[in-house]
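Hi,

Here is the structure I promised to send over. Have a look at it first, and then read on for what turned up.

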Amino acid sequence: MSNRKSRCPVMVPNFAPAGQKPPTDLQEVYKSDLYDAFPEAFSGDREDQRSPSICKFLEGMYHGQKVCNLTEDDFKEILLNKCTGVPHRLVKDWINMKISVGEIYNRLYKLYGTDP
């Protein structure tokens with residue numbers, strides 16, 4: 001049995017109300033600037049020097065959300081697009097299964113966390 005912690009130590013962010021969106025004509029500009037508030041893409045590959053650790057990635061997602069105050073659906077879109085490879089496929093499946101952000105964080109941490 002693994003000694004790995006079963007819960008991610010990173011807090012799950014709060015979300016804006018579901019109907020809150022920027023004006024339509026600003027959405028594309030808003031979206032391109034928005035991605036800069038979030039961390040580099042997470043690949044899950046420990047050999048990838050550009051990919052942050054899972055804890056740094058989830059912390060960066062938390063802080064990006066504090067700045068941007070997205071709806072949960074918009075946050076999930078950013079989370080999906082900030083993952084590559086296997087993590088991207090997993091997050092996509094979990095989103096389609098209507099898994100909560102907190103549970104997605106926990107699943108990613110269980111798979112990619114390195115804490116004893």
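Below are some notes on the aromatic rings and the cysteines.

One thing before you dig in: this is a predicted model.

Let's start with the aromatics. The count comes to three aromatic pairs. One of them is Phe42 with Phe57, a stacked pair with 5.3 Å from centre to centre and 25° between the planes. Phe42 sits in the loop between helix H1 (27-34) and helix H2 (54-68), while Phe57 belongs to helix H2, so this contact ties together parts that are 15 residues apart in sequence. Neither ring is out in the open: Phe42 is buried at 3% relative accessible area, and Phe57 is buried at 0%.

Phe42 also has Tyr112 as a partner. Here the ring centres are 5.2 Å apart and the planes meet at 80°, so the pair is edge-to-face, given that anything over 60 degrees counts as such. This one links distant parts of the chain, from the loop between H1 and H2 to helix H5 (residues 101-112), with 70 residues separating Phe42 and Tyr112. Tyr112 is buried, as is Phe42. Put together, Phe42, Phe57 and Tyr112 make up one aromatic cluster.

Now the cysteines. How many disulfides does a search of the whole structure find? Zero. As for where two of the cysteines sit, Cys55 has a relative accessible area of 16% and Cys83 one of 3%; the cut-off for buried is under 20%, so both count as buried.

Cheers

Terms used: Residues are numbered from 1 along each chain as its sequence is written. This is a predicted model: local features need pLDDT of at least 70, side-chain atom pairs count only at pLDDT 80 or more; totals for chains, interfaces and linings use all residues. Side-chain values use heavy atoms; hydrogens and water are left out. A disulfide is a pair of cysteine sulfur atoms within 2.5 Å. Buried means under 20% relative accessible area, exposed over 50%, partly exposed in between (1.4 Å probe, protein chains only). Rings of Phe, Tyr and Trp (its six-membered ring) pair if their centres lie within 6.5 Å; planes under 30 degrees apart count as stacked, over 60 as edge-to-face and the rest as tilted. Helices (H or I, at least four residues) and strands (E, at least two) are DSSP runs, numbered from the N terminus.
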